Amino acid sequence: MIDWEKIRSDFPITKNIIYFQSAAMSPLPIPVFNAIQREYRKLLRQGDIHWMNDMEKFRRQCADLAELIHTAGENITFVPNTSSAMSIMAASFKNHIQKPFNIVSMEDEFPASTLGYEYQGVDMRYVQPVEARYPIESILKMTDRNTLAVVTSHVQYATGFRQDLKALGQELKKRRILFIVNATQSFPFFPIDVRAMNIDALTASVHKWGFTGHIGTMFYTSPSFRRKYPPAWAGWMSVMSGEEDFIHTAKNAPFRLHDSAERYILGTFNLQPLLAFQASVDYLKAIGFQNIRNRIMELTDYLINGLNKLKVKIISPVARKKERSAIISFSLGAKNRLCIKTLAKNKISVGERAGNIRASLNIFNNFEDIDRLLEVVKNFC
Ligand SMILES: Cc1ncc(COP(=O)(O)O)c(C=O)c1O
């Protein structure tokens, strides 16, 4: 049995406010805060002397994360954000593909998934949702002979709809269409198996469900994707060096990009907080991802029942458990803004997305938090 109240006590935020905004950014638990301090204390006291070791530690951390999504460590690195990862891919497609092509994506996507492609002039085609869902048939119907890729979120940020990546990936593989996934709103809570799901590239900005703040985006690419679509730019950390020096200093001398995902790291990056992210992964692993999912379902069930009792319109598609996530959006029509303001006055934090009220539930929330939310919502019904 997991002691959820003990876990709640690891999150000081629970003493200040009732927080339903993890889909914007999750707060820190104390062990992660301590790990961040440890990393910066090293810098405070010893400066740069650990850099090489820290890079090795970072690679081991990538290997550990890679296991979570069923791939090898060399296929994973971090880039600043999902927007950068998508732009890296968009620029590469533009450079390497001569014939006309299009990309199919979802109308409800967070713009980090799509703007980079639009900016490169890619012909983007958007699937319209059906009651906030994206049936696989609707996505496939939008594809044609010129479709290069489907870009989709695993969990939609505004509605919490969770796509069946395995079923979609299987269909795309049959059609030889690349599968690019934004797992920002699902990783690491919901399982991802890049092999079984036939995913070619995946991003996950871990400030949402990774409990370490704005540290960057985990960026997975398959080896064949990297070979076919090399990045449009290079930096000293993305190229191989000779035996004699770890830096390629020669000018006008040939060089090669790393075969691994490290080709996407151009130069130095925010290594200290990224190393602290391991503390978060260890913390979540100790609880167990299945236990976390069960808890999220238990809490969201409770919220859904409460909203149903009040006859509040639920925007998230909640009929099928396998399509649900930690995000529940609902609407009080024209009263949404006032309700959000009133909740804030009562120290209850929810978000407004796509004009609806978005509550995201996390492992530090409890049933009383939800009761408090429902008490305020009741006054608007
Ligand atoms: C699905 C999704 N992707 C990405 C982001 C963030 O994008 P980026 O990592 O480019 O800041 C968000 C929210 O901020 C999101 O909800």
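H2 passes H9 in a right-handed crossing, and that pair is a good way into this structure, which is a predicted model.

**Helices H2 and H9**

Helix H2 covers residues 30–46 and helix H9 covers residues 271–287. Their axes come within 8 Å and cross at roughly 150 degrees. That angle makes H2 roughly antiparallel to H9, because angles over 145 degrees count that way. On the H2 side, the contact is made by Pro31, Val32, Ala35, Ile36, Glu39, Tyr40 and Leu43. H9 answers with Gln272, Pro273, Leu275, Ala276, Ala279, Ser280 and Tyr283. By class, the residues of this contact are mostly nonpolar: eleven of that kind, with two polar and one charged.

**H9 has another partner**

H9 also packs with helix H3 (51–68). The axes of H3 and H9 come within 10 Å and cross at roughly 40 degrees, so the two helices are oblique to each other. This crossing is left-handed. From H3, the residues taking part are Asp54, Lys57, Phe58, Gln61, Asp64 and Leu65. They meet Leu271, Leu274, Leu275, Gln278 and Val281 in H9. Sorted by class, the contact of H3 with H9 has six nonpolar, two polar and three charged residues. Leu275 is worth a look on screen, since it turns up in the contact with H2 and again in the contact with H3.

**H10 and H12**

Now for another pair. The axes of H10 and helix H12 (residues 367–378) come within 10 Å and cross at roughly 25 degrees. H10 is therefore roughly parallel to H12, and it passes H12 in a right-handed crossing. Leu299, Tyr302, Leu303 and Gly306 of H10 meet Phe367, Ile370 and Leu374 of H12. That contact has six nonpolar residues, one polar and no charged.

Here are the three pairs side by side:

| Helix pair | Axes come within | Crossing angle | Handedness |
|---|---|---|---|
| H2 and H9 | 8 Å | roughly 150 degrees | right-handed |
| H3 and H9 | 10 Å | roughly 40 degrees | left-handed |
| H10 and H12 | 10 Å | roughly 25 degrees | right-handed |

**Two domains**

Zooming out, the domain assignment gives domain 1 (4–29 + 288–378) and domain 2 (34–283). Domain 1 is thus written as two stretches of the chain. The C-alpha centres of the two domains lie 28 Å apart. Where they touch, the contact takes 24 residues from domain 1 and 24 residues from domain 2. On the domain 1 side, the elements giving two or more residues are helix H10 (289–309) and strand S10 (327–331). H10 gives the most, with four residues. The domain 1 side as a whole divides into 13 nonpolar, five polar and six charged residues.

**Around the ligand**

What kinds of residue make up the shell around the ligand? Nine are polar, three are nonpolar and none is charged. The names to look for are Asn81, Thr82, Ser83, Phe110, Ala112, Ser153, Tyr157, Asn182, Thr184, Gln185, Ser205 and Thr217. Among them, Asn182 falls in strand S6 (178–182) and Ser205 in strand S7 (201–205).

**Two backbone details**

The loop between S6 and S7 holds Pro188. A cis peptide bond joins Phe187 to Pro188, with omega at about 0 degrees.

The other detail is at His70, in the loop between H3 and strand S2 (76–79). Phi of His70 is near 65 degrees, which is a positive value in a residue other than glycine.

Terms used. Residues are numbered from 1 along each chain as its sequence is written. This is a predicted model: local features need pLDDT of at least 70, side-chain atom pairs count only at pLDDT 80 or more; totals for chains, interfaces and linings use all residues. A residue is near a molecule or strand if its C-beta atom, placed from the backbone, lies within 6 Å of it. Ala, Val, Leu, Ile, Met, Phe, Trp, Tyr, Cys and Pro count as nonpolar, Asp, Glu, Lys and Arg as charged, and the others, Gly among them, as polar. Axes are lines fitted to C-alpha atoms, for helices over the stretch in contact, and angles run from 0 to 180 degrees between N-to-C directions. Angles under 35 degrees count as roughly parallel, over 145 as roughly antiparallel, 65 to 115 as roughly perpendicular and the rest as oblique. A crossing is left-handed if the near helix is turned anticlockwise from the far one by less than a right angle, and right-handed if clockwise. Two residues are in contact if their C-beta atoms, placed from the backbone, lie within 7 Å. Domain bounds come from an automatic or database domain assignment.
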